[in-house]
Every structure is written in structure tokens, then in C-alpha cells.
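This report concerns a predicted model. It treats the domains and their contact, then a small sheet, and finally selected loop residues.

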Amino acid sequence: MPTYRTLTSNFPWALDRLEWPVTSEVGPGLAGVIATGTRVSWLDPSSGALAYRGIPIERIAGEYEFEEAAHLLITGRRPAEDRDAFNAFRDRLRRSRDLPPDAVALVRSLHREVHPTRMLRAGVSALGCHEMTAEDELSGARHWRELRIIAQVAALVGEIARHRNNRPKHMFETGHSLAHCTLRALRDDEPDTRDVRTLDLLWVLYADHGLDAPTFTSMVVASCLADPYYNIVAGLSALRGPLLGGAGERVLAQVLPLRTPEQARLRVAEILASGGRLAGFGHRLYHIPDPRVVVLRKELAAQARRRNRAELFDIARAVEDEALRQLAPKGIHVNINFYAALLFHLLGADGPLIPCLYAVGRMAGLLARVHEALENPRLFRPLDRYVGHRERSLPREGAR
Ligand code: ACO
């Protein structure tokens, strides 16, 4: 459980409508701090409740396609409330997948061994250069830019997958969903509707999750009134790293070499006995099971069975059971990345591509929150506590 300490500062130069000295409760990693208000989603880690715009995630998962969830998160309206508005939103999204040739050329100029998250970051930066001029402001066209960014990030991820597999550029198509087009780019064949549903489900579940590192980072950059491409590049940077988006890559490295449930249990015991960490377990907020895991576990069972890979599900369950036997008493449970990584694997993605696929889903919530914050912008400016020397004298010349 997080430990809290009192932060007190009595430096005279900090003003700005605060009463000094300032006292606030701050946990390591900003635990326990409420940084903003939101209408986008509600998360209660003590009960495991998660709702997008007031609709429980259990009702949305498997029911909504990603495009419907994006509409709900960004506009606040359920697609069924105004079918014409939703259709216009979806058409715009699907027509926005085209990428500037220079951005594609930039990604393709990178060595195929470069980590795909680096390619994505470079690609989105390039999009920013081609889609916006130095004079562009945040006003007016923001809404369509948000849609364009979601579609373009999905298209870039498809393009990155093709480049890494040494395949030619993907043809631009407008009629299909983002999930359909992304799977097609990934595997170079016509995707089965069941797989499209699985990718939609993954993106819906990854779409928003409170102020986690990528969303918070984007909001900090947005609070400077930077254009949305800066926000996205910043958010994508926070998605990388083994503690967050990079965990999926490690899940595959830990699970795929295992051949039997028995071997899985032994390996988990070995990792934990040596003080190691299991990827896909633990969460900064949840000390109970993550509500999204239930849905994904069921989906993995179904997808593994369909592919005659039932052993993969049995091994995953054995990893989870052994890990929980040892870690649940500490409040550590399986997190979304564990089953999500195995599903991404079955859909044809390799480990390094997983954070990029995660990123596509997250674009919806992240942009919805940035949009919301810009309705009433305030520059983020937390305080720090100075713990260095109080006063030091300058050494006299020659005395060093
Ligand atoms: N495996 C084994 N032990 C763990 C794990 C794990 N995955 N996670 C936490 N612990 C242990 C720590 O060793 C520590 O034990 P100790 O008290 O005996 O020293 C205790 O649990 C608390 O660990 P913290 O790092 O303080 O927990 P925190 O809440 O800060 O960290 C985090 C959360 C970073 C997610 C952590 O659980 C972790 O590293 N998990 C593995 C990576 C991962 O799966 N990340 C994805 C997170 S979910 C998401 O991104 C959507």
C-alpha cells in the first residue's frame, strides 16, 4: 500500500494564490493526488468499478466496437442516441487513415530492427510536421484533428508492422473499421471477423484508464496549449518502459517459452524466489483483480481454443494461479497486460509491436481528456520539495 508523507514548503517566492507554507499529502509517484476533474471515465480501484461516460465497462466490452467507444469517450454521446452523428464520426475516422508520403518514407527509412515504439514516436512527430504549420492554433478544427490522429496512429502502426516484416506499403482503404484495416496490414490477409472483434475488444479496454502515465503526460503538455501532435508524442513516450506499456513484451518473453502448466508453475516460483518481477502482475491502483482481466481471460480461452492452442491458455492460467498463490496476500493480482499480450500474440503481433497496438486504443481516451481539459485550461505546475543544501559558501579562488 502507498505510504504518504507530509510535504511542507515555506519558501517565500512561491506565491500564486496559495497560502504559505503549503502543506499537502503527497505519496511517492503522486499517489493520492487529485490533479483534475473529469467526465470521461470513472474508476474506483477499491471496488473494481470502471465506467466510460457513466456506462460500466462490462456493458461496453464485447458490445461496442472501438469506433463506438471512441465516439462515446470523445463526444460523451452513446452512438445509439444519434445514429447520424455517429455515422458521420465513423466515416470521418475511416477516411482519415491516409498518411503523408513523407511520414511513411521516414518510418521506412529506419532500420527494421529499430524498436517499433521508436518508429511510432518518430512517425507521429513527422505527422505533426506535415499536418500542422507553425501558425496553427488549437482552436476550431480540434475535433476533426482528434479523429484524424486516432486513424493516423492506427495506420502508422499497420505501416510499421509491414515495414518490419519487409512488406510493401499498405494500400489506403476507407470502407472497413480501424481494427479490420490494422489486422489486414499486420497479417497481409483478409481478417476473420472474430479476430476483428478481439482487436476491437482490446482497444475498447485500453481506451481510457484514469490519469495513468501516458494520459497524465499528454495532459501536462496540452496544458501548455501545445498542438495535439506534441501531446501524443509525449503520451507515447510514457507508454514505453517495462513498468507500463512495455510489460506486454515481457509477458510474451516469460510465457511463450513455457511448454506445460507444470513447467509454468516451476518457472513462476523460480522468478519470485530469486526476487524477480512477473510481467503482467501488479498495479499502482488495484490491489484487487483488475475488472478488465475477467473479460480478456475469457477471450483468450475462446481464441486459444479456436486456434487449437488450448495449451497456451492452460499455461497462462498456471502462471496466474501460481503467481496469485504467492502474490495475492500482498495485494498483487494479474493486470490487463498479461492476457492482452497473449491475445495480441494470437492476433499475429510480436512482443515489440504490443505497446504500439496498445497505443491505438489509448488514443481515444487520451484525446477525450485533453479535449476536456482544454475547455478550461490551466497550466500544470506542481511543487517540489527542496532537499538539497540550505546554504553553501563559495570557496575562495585557489582553495578548491
Ligand atoms: N512481481 C513480483 N512482485 C511484485 C510485482 C510483480 N509484478 N509487482 C509488485 N511486486 C512486489 C514488489 O517487489 C514489492 O514487494 P516488497 O514490498 O516485498 O518489496 C511490492 O510488490 C510493492 O511493489 P511496488 O513496486 O512498490 O508496487 P507499485 O504499486 O509501485 O508498482 C507496478 C506497480 C510498477 C505495476 C509493479 O507491480 C510492477 O512492476 N509490475 C510488473 C510490470 C507490469 O506488469 N506493469 C503493467 C502495469 S498495469 C498497466 O500498465 C495497465
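## Domain assignment

According to the domain assignment of the protein, domain 1 comprises 66-240 + 352-373 and domain 2 comprises 247-346. The centres of the two domains, taken over C-alpha atoms, are separated by 27 Å. To the contact, domain 1 contributes 17 residues and domain 2 contributes 19 residues.

## Interface between the domains

The size of an interface is often given as the accessible area lost when the parts come together. Between domain 1 and domain 2 the buried area is about 1,700 Å², and carbon and sulfur atoms give 63% of this area. Of the area that domain 1 buries against domain 2, 35% is supplied by Leu205, His209 and Ile354, more than by any other three residues.

Charged and polar groups also take part. Five salt bridges are counted between domain 1 and domain 2. Glu299 forms a salt bridge with Arg194, with 2.8 Å between the closest N and O atoms. The count of residue pairs in polar contact between the two domains is 11, with both residues at pLDDT 80 or more. On the side of domain 1 that touches domain 2, helices α8 (193-206) and α16 (354-373) each supply at least two residues. The most is given by α8, with eight residues.

## The three-stranded sheet

An open sheet of three strands has the order β3-β4-β5, and its pairing is antiparallel. Strands β3 and β5 (55-56) are the edge strands, each of which pairs on one side only.

Strand β3 (residues 41-44) and strand β4 (residues 49-52) run antiparallel and are joined by four bridges. Within this pair, Leu43 stands opposite Leu50 in β4. The two strands form a hairpin with four residues between them, and Gly48 in the turn has a positive phi of about 80°. Which side chains of β3 point to the buried face? Ser41 and Leu43 point to one face and are buried, whereas Trp42 and Asp44 point to the other face and are not buried.

On the other side of β4, two bridges join this strand to β5, again in an antiparallel arrangement. Ala51 stands opposite Pro56 in β5.

## Loop residues with positive phi

Two residues other than glycine are noted here for their backbone angles. Arg53, found in the loop between β4 and β5, has a positive phi of about 50° although it is not a glycine. Arg53 counts as partly exposed because its relative accessibility is 22%, which falls between the cut-offs of 20% and 50%.

Asn308 lies in the loop between α13 (291-306) and α14 (310-327). The phi of Asn308 is also positive, near 55°, in a residue other than glycine. Is Asn308 buried or exposed? Asn308 counts as exposed because its relative accessibility is 70%, and the cut-off for exposed is over 50%.

## A buried aspartate in a loop

Asp227 is found in the loop between α9 (213-222) and α10 (228-239). Asp227 has a relative accessible area of 15% and is therefore buried, the cut-off being under 20%. What does the side chain of Asp227 reach? The side chain of Asp227 reaches the backbone nitrogen of Tyr229 at 2.8 Å.

Note on methods:
Residues are numbered from 1 along each chain as its sequence is written. Side-chain values use heavy atoms; hydrogens and water are left out. Buried means under 20% relative accessible area, exposed over 50%, partly exposed in between (1.4 Å probe, protein chains only). Two strands pair if DSSP finds at least two bridges between them. Domain bounds come from an automatic or database domain assignment. Contact means heavy atoms within 4.5 Å. Buried area is the accessible area (1.4 Å probe) that two parts lose on being put together, summed over both. A salt bridge is a side-chain nitrogen of Lys or Arg within 4 Å of a carboxyl oxygen of Asp or Glu. A polar contact is a pair of N or O atoms within 3.5 Å; within protein, one must be able to donate a hydrogen and the other to accept it, and residues adjacent in sequence count only if both atoms are side-chain atoms.
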